[in-house]
Amino acid sequence: QVQLVESGGGLVQAGGSLRLSCATSGRTYTMGWFRQAPGKEREFVAAISSSGSRISYADSVKGRFTISRDNAKNTVYLQMNSLKPEDTAVYYCAARLGGGLLYSSVTYNYWGQGTRVTVSS
């Protein structure tokens with residue numbers, strides 16, 4: 001059973017920064033970050049291929065968020081800068097073994113429990 005453990009969420013003021021981490025067990029996967037705000041559907045945030053050669057971001061976070069990975073530690077990071085109140089959501093990391101569009105949640109096989117990010121204005 002693949003386990004994904006997220007950490008790093010919290011409360012931050014607008015303009016601030018947070019770094020989320022997602023530790024995985026076992027092999028190296030393509031990893032994605034998704035988020036779900038209250039009353040909204042889950043949406044894609046960023047993703048990175050297993051080698052790190054392919055990266056994709058949602059337009060809403062481009063230039064503010066950076067996804068990276070350390071395969072020696074089986075950990076993926078999401079550095080979030082210039083946070084806005086609209087970034088408030090539960091953030092989930094996800095892993096997959098197969099291919100497909102990086103931003104498509106249905107292609108991911110495993111999900112973490114989520115970590116809450118709250119950005120105050």
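## A first look at an all-strand chain

Strands β7 (residues 65-70) and β8 run antiparallel and are joined by six bridges. That pairing is a good place to start in this predicted model, whose protein chain holds 11 strands and zero helices. From there we can look at the overall form, at β8 and its partners, and at one buried residue in a loop.

**Overall form**

- Reading along the sequence gives the pattern β-β-β-β-β-β-β-β-β-β-β.
- The protein chain has a radius of gyration of 13 Å, which agrees with the value near 14 Å that a compact globule of 121 residues would have.
- Along the principal axes, the C-alpha trace spans about 40 × 25 × 25 Å.
- Among contacts in the protein chain with a separation of 6 or more, 56% come from residues 24 or more positions apart.

**Surface and charge**

- Buried residues make up 44% of the 121 in the protein chain.
- The accessible surface of the protein chain is about 6200 Å², and 46% of that surface belongs to carbon and sulfur atoms.
- There are 13 positive and 7 negative side chains, with the centres of the two sets 6 Å apart.

**Strand β8 and its partners**

- Strand β8 covers residues 75-80, and five of its six residues are buried, so this strand counts as mostly covered under the cut-off of under 20% relative accessible area.
- On the β7 side, Ile67 has Leu78 of β8 as its bridge partner.
- The hairpin of β7 and β8 has four residues between the strands, and Asn74 in this hairpin takes a positive phi near 50°.
- Strand β3 (residues 18-24) also pairs with β8: the two run antiparallel, joined by six bridges.
- Opposite Arg19 you will find Gln79, which is in β8.
- As background for looking at these strands, side chains in a regular strand alternate between the two faces of the sheet.

**Asp87, a buried residue in a loop**

- Further along the chain, Asp87 sits in the loop between β8 and β9 (89-96).
- Asp87 counts as buried because its relative accessible area is 1%, and the cut-off for buried is under 20%.
- Setting aside neighbours within four places in sequence, Asp87 is in contact with Arg35, Arg64, Phe65, Ser82, Val117 and Val119.
- One of these contacts, Phe65, leads back to strand β7, which covers residues 65-70.

How values were computed:
Residues numbered from 1 in each chain as written. Predicted model: local features only at pLDDT ≥ 70, side-chain atom pairs only at ≥ 80, totals over all residues. Heavy atoms only, no water. Rg over C-alpha atoms; globule rule 2.2 N^0.38 Å. Buried < 20%, exposed > 50% of the residue type's maximum accessible area, 1.4 Å probe, protein only. Contact = heavy atoms within 4.5 Å. Areas by Shrake-Rupley, 256 points an atom, 1.4 Å probe, with all protein chains shown as cover. Lys, Arg positive; Asp, Glu negative; His and termini not counted. Charge placed at Lys NZ, Arg CZ, Asp CG, Glu CD. Pairing = 2+ DSSP bridges.
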